[in-house]
Amino acid sequence: MHIFSKLQEQDILVSDQNISDEYLRDTELGVQAIDAVTEAGGHVHIEKIFCSGLYIQEVHYQLVEPTTENFMTEGDHVRLFFYLDGHSQVLNGAGNTNYCHKVGMLMHNYLNANGGGGLIKIPKLDKVHYILIKMSKQFYLQLLADEPWIADDAFHKYILSGPPRNQPNECWYMNQRLVQILTELLHAGTIQRNAYHFIRIKLKELLFNIHQLRNFQTHCGCQNLRLIKTLEGIRAHLALHLENLPTISELAMSFGLTEKKLKQEFKKQYQMTIHAFVLQLRMEKAAHLLNVGHNVNEIAIILGYQSVSHFIKVFKTHYAHTPKEYVLRLRGNS
């Protein structure tokens, strides 16, 4: 694969890398970071993890001026794109289509140079955050060769059918589990030993969860699919904005629903209110943050609680233990 990307107005080269298509049983990971400040005072931060057959990129753009990102990938490849924040749009993307990015959106495709390029238009004063994963066809097929669940996957069958047809992207919405896997995957570059094997495990987990999510949303029935995708988009939006949650009114307006319909359909689909769902997300994230060593002060700030005491009270109500007791139980000291 040859992966190219550039911020045109700022003349910042995001990526220009040739990556072998070969899948290896063991190898070292390449890790690279780019930090740049634009003339107008914008900030560009990019983290990359790569090896033979695989390229992972996390992008943070805080740009003052309107910007165009020109991108292209040559070679048969599987592309996964996760949009976490921003208001950008794509011109002449996969399938020669134009589309707007939406927070929480997951897109995947099977492409070559005829469909693997386009322009991302970023408006002024926008903050963009996305994660991009590209795998050569050989890497993808070898990675999943021993996975029995992939045999009935429609996307997998498409890849096996021959060269890419460069169709428009398949678009879904992330859930909290996918967000967590992505977070873990992006930390692989800091692992001292066996980082490549960790990456392979997490990629399999990521692809399995996408398979499950796609099957769930596809089997909801044609008449309900649009509504289900909207509700999944709302859940993804909430999962990605726990520290600065929108109001019900803001959510409803953003996703084209009335407040009443949003509340009714959300509870009908997930058997819980939006408030209960947010609480569940916060507590799951709190437990994870405790497990990886954050203290209660840090967690309260990360999750948007106004006071540490309130966070501890909510945590104890949910888990029947204070955060300190929870950590002691994790360590086997209860």
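This passage describes two nonpolar cores and the packing of helix α8 in a predicted model.

The largest nonpolar core holds 67 residues, and those touching the most other members are Y61, F82, I133, M135, M174 and L206. Helix α4, spanning residues 195–218, supplies the largest share of this core, with eight residues. L206 offers a handy view of the surroundings: beyond its neighbours within four places in sequence, L206 is in contact with L80, F82, I133, L178, I181, L182 and L185. Another core, of 30 residues, lies apart from the largest one and includes Y270, L289, A300 and V314. As a general point, nonpolar side chains tend to be buried together in soluble globular proteins.

Attention now turns to helix α8 and two of its partners. Helix α8 (residues 274–291) packs against helix α10 (residues 308–319), with an angle of about 100 degrees and axes 11 Å apart. Because of this angle, α8 is roughly perpendicular to α10. On the α8 side, the contact is made by L279, M283, E284, A286, A287 and L290, which meet F311, V314, F315, H318 and Y319 of α10. By residue class, this contact comprises nine nonpolar, one polar and one charged.

With helix α11 (residues 323–330), α8 packs at an angle of about 55 degrees, and the axes are 10 Å apart. The pair is therefore oblique, and the crossing is right-handed. Here A287, L290 and N291 of α8 meet P323, Y326, V327 and L330 of α11. Six of the residues in this contact are nonpolar and one is polar, with no charged residue. A287 and L290 thus appear in the contact with α10 as well as in the contact with α11.

Technical notes
Residues are numbered from 1 along each chain as its sequence is written. This is a predicted model: local features need pLDDT of at least 70, side-chain atom pairs count only at pLDDT 80 or more; totals for chains, interfaces and linings use all residues. Side-chain values use heavy atoms; hydrogens and water are left out. Axes are lines fitted to C-alpha atoms, for helices over the stretch in contact, and angles run from 0 to 180 degrees between N-to-C directions. Helices (H or I, at least four residues) and strands (E, at least two) are DSSP runs, numbered from the N terminus. Angles under 35 degrees count as roughly parallel, over 145 as roughly antiparallel, 65 to 115 as roughly perpendicular and the rest as oblique. A crossing is left-handed if the near helix is turned anticlockwise from the far one by less than a right angle, and right-handed if clockwise. Contact means heavy atoms within 4.5 Å. Ala, Val, Leu, Ile, Met, Phe, Trp, Tyr, Cys and Pro count as nonpolar, Asp, Glu, Lys and Arg as charged, and the others, Gly among them, as polar. A nonpolar core is a set of buried Ala, Val, Leu, Ile, Met, Phe, Trp, Tyr and Cys residues joined through side-chain atoms within 4.5 Å. Buried means under 20% relative accessible area, exposed over 50%, partly exposed in between (1.4 Å probe, protein chains only).
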